[in-house]
Amino acid sequence: MLEKKLIGNILNEGDDSDEEMLTRYVKTKRCVLFNYDELNKLPGRPISAPVDFVPFSAGNTVKSPKESHEETKIPPPEIKVQGNFNTSAPEFVPSFKPPIFESKNSAVLSLRGRISELARDQSGSRFLQQQYEVATPDEKQMIFEEILTNCLPLIVDVFGNYVVQKLFDYGTKEHKRAVALQMLGKIVDLSLHTYGCRVLQKVLETVEFDQKRMICQEFYGNVEKAVEDQNGNHVVQKCLEILPYNCTSFIVDSVKYNTVYWAKHQYGCRVIQKIIEFCPRDQMNLVFDEIIQNSIEISKENYGNYVIQHILDKGHPQDRERIVNSYKGRLIELSRHKFASNVIEKCFVVGSPSQINDFSIEIFESPQVVDLMTDKFGNFVIQKALEKSTGKLQSFLINKVNEKAHIIRNYNFGKHVLNCLEKLRKYNPR
């Protein structure tokens, strides 16, 4: 069988003979131009190789690496190296990884003038990424020079962006600085791009402080545009993570007067969480006050409930206490809500013993407790209360559930509560 189909990005490899592999080479015509003499020096390919190599010679014959005495006649291929020259082929062909050469005739240096085209190809991009990690200074310099002249198109390319990211992982300080300079003035546009935002995050992690600050400053006047974008918000988050507050205060100022809106926003909620986690608490009074005063409204939102949970997880004790206390008197209503019930569960996890006691009494003494036990969201709150209570309080709650067992066992969600009770008895026998 000469053909094997690609599943995902993994090559299906069998025990085909070299003649069969060679026939597939010719059939697919997916080529990187390597002289046959150079190719003949390379070792056998590994199980998963980064790029496809097809031997060629000046004549019309190609010798099999295993049986050099046999010759196979093939027509000279018409090769045009431009754009994504591998993307139209129906399948991947078997390939192998060239070794690292110390001489100037290495596999990487022989690709001079074709780095940009290779970076835009899936297999070529993978090959360059792997080679760059172990490249010699001369090889890195050659790759850098060709990337520099085409860095902006590569940054926004589906495969090329990974090669640029690899440069920022393993390149020299000078190379990183030079490529980052090419990006200045276009930071906002790049941050809104699917692939450009990934490169920018890598740049912010690896360049020196002065360039990080320059990149961040380009968002001045464009914060809201970036925050509400599915790609740009990740770059703003990265700025908040790695830069001190004196460099990112303008980001906070752009959102803090409309905190409730951004806390409920699909992407803005992520930025608010980063502000809560990384910015100085004494500079965030307005942000916290707005959230806590509107905690019930925000808790009921699809994305807002994550902001409340983030404060409960990472906020200061006084902020956590204020939020937990803001729910007292409305626990039944919130526990039956699709999103707010998650917040009430979190309150049982992070609350103080006295708060857990107050919450438990309010819920289990309510005449609506059976409705909550059989509710598709409320039953999880009941379970969390049973799990997080201790001592006499837990015994009290267990008795309350037992009193209603004959009712709730007839409901699917009520059965979940009874199963939780059985687990508690199993692991905490009296």
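So, V179: you'll find it in helix α8, residues 173–183, where helices are DSSP runs of H or I with at least four residues, strands are E runs of at least two, and both are numbered from the N terminus. This is a predicted model, so local features need pLDDT of at least 70 and side-chain atom pairs count only at pLDDT 80 or more, while totals for chains, interfaces and linings use all residues. Residues are numbered from 1 along each chain as its sequence is written, and side-chain values use heavy atoms, with hydrogens and water left out.

Back to V179. Is V179 buried or exposed? Buried, at a relative accessible area of 0%; buried here is under 20% relative accessible area, exposed is over 50%, and partly exposed lies in between, with a 1.4 Å probe and protein chains only. What does V179 touch, once we skip the neighbours within four places in sequence? F144, L148, C151, V164, L167 and F168, with contact meaning heavy atoms within 4.5 Å. Take V164 from that list: V164 and V179 sit 15 residues apart in sequence, and their C-alphas are 8.8 Å apart in space.

Let me zoom out for a second. The protein chain has 28 helices and four strands. Of its 430 residues, 48% are buried. And if you take the contacts with a separation of 6 or more, 70% of them come from residues 24 or more positions apart.

Now to helix α13, residues 232–242. Eight of its eleven residues are buried, so α13 is largely enclosed by the rest of the structure. The buried ones are G232, N233, V235, V236, Q237, K238, C239 and L240. What do they pack against? Quite a list: α9 (187–191), α10 (196–206), α11 (209–217), α12 (223–227), α14 (245–255) and α16 (268–278).

Let's follow α16. Two packed helices are described by the angle between their axes and the distance between the axes. For α13 and α16, the angle is about 5 degrees and the axes are 9 Å apart. The axes, by the way, are lines fitted to C-alpha atoms, for helices over the stretch in contact, with angles running from 0 to 180 degrees between N-to-C directions. So α13 and α16 are roughly parallel to each other; under 35 degrees counts as roughly parallel, over 145 as roughly antiparallel, 65 to 115 as roughly perpendicular, and the rest as oblique. On the α13 side, N233, H234, V236, Q237, L240 and E241 meet R270, V271, K274, I275 and F278 of α16. By class that contact holds five nonpolar, three polar and three charged residues, where Ala, Val, Leu, Ile, Met, Phe, Trp, Tyr, Cys and Pro are nonpolar, Asp, Glu, Lys and Arg are charged, and the others, Gly among them, are polar.

Then α16 goes on to pack with helix α19, residues 304–314: the axes come within 9 Å and cross at roughly 15 degrees. That makes α16 roughly parallel to α19. The crossing is right-handed, meaning the near helix is turned clockwise from the far one by less than a right angle, with anticlockwise being left-handed. Here C269, I272, Q273, I276 and E277 of α16 meet Y306, V307, H310, I311 and K314 of α19. The split is six nonpolar, two polar and two charged.

One more pair, further along. Helix α23 (residues 353–364) packs with helix α25 (residues 378–388) at about 135 degrees, axes 11 Å apart. That makes α23 oblique to α25, and their crossing is left-handed. I356, S360, I363 and F364 in α23 meet V381, I382, A385 and K388 in α25. This contact has six nonpolar residues, one polar and one charged.

Cysteines, then. How many disulfides does a search of the whole structure find? Zero, taking a disulfide as a pair of cysteine sulfur atoms within 2.5 Å. For C239, the closest cysteine sulfur is in C216, 4.0 Å away and so too far for a bond. C239 is buried at 0%, and C420 is buried as well, at 4%.

Last, two lysines. K212, in helix α11, counts as buried at 15% relative accessibility. Apart from neighbours within four places, K212 contacts L204, E205, V207, I242 and L243. K346 is in helix α22, residues 340–350, and is buried at 18%. With the same sort of neighbours left aside, K346 contacts Q309, L312 and D313.
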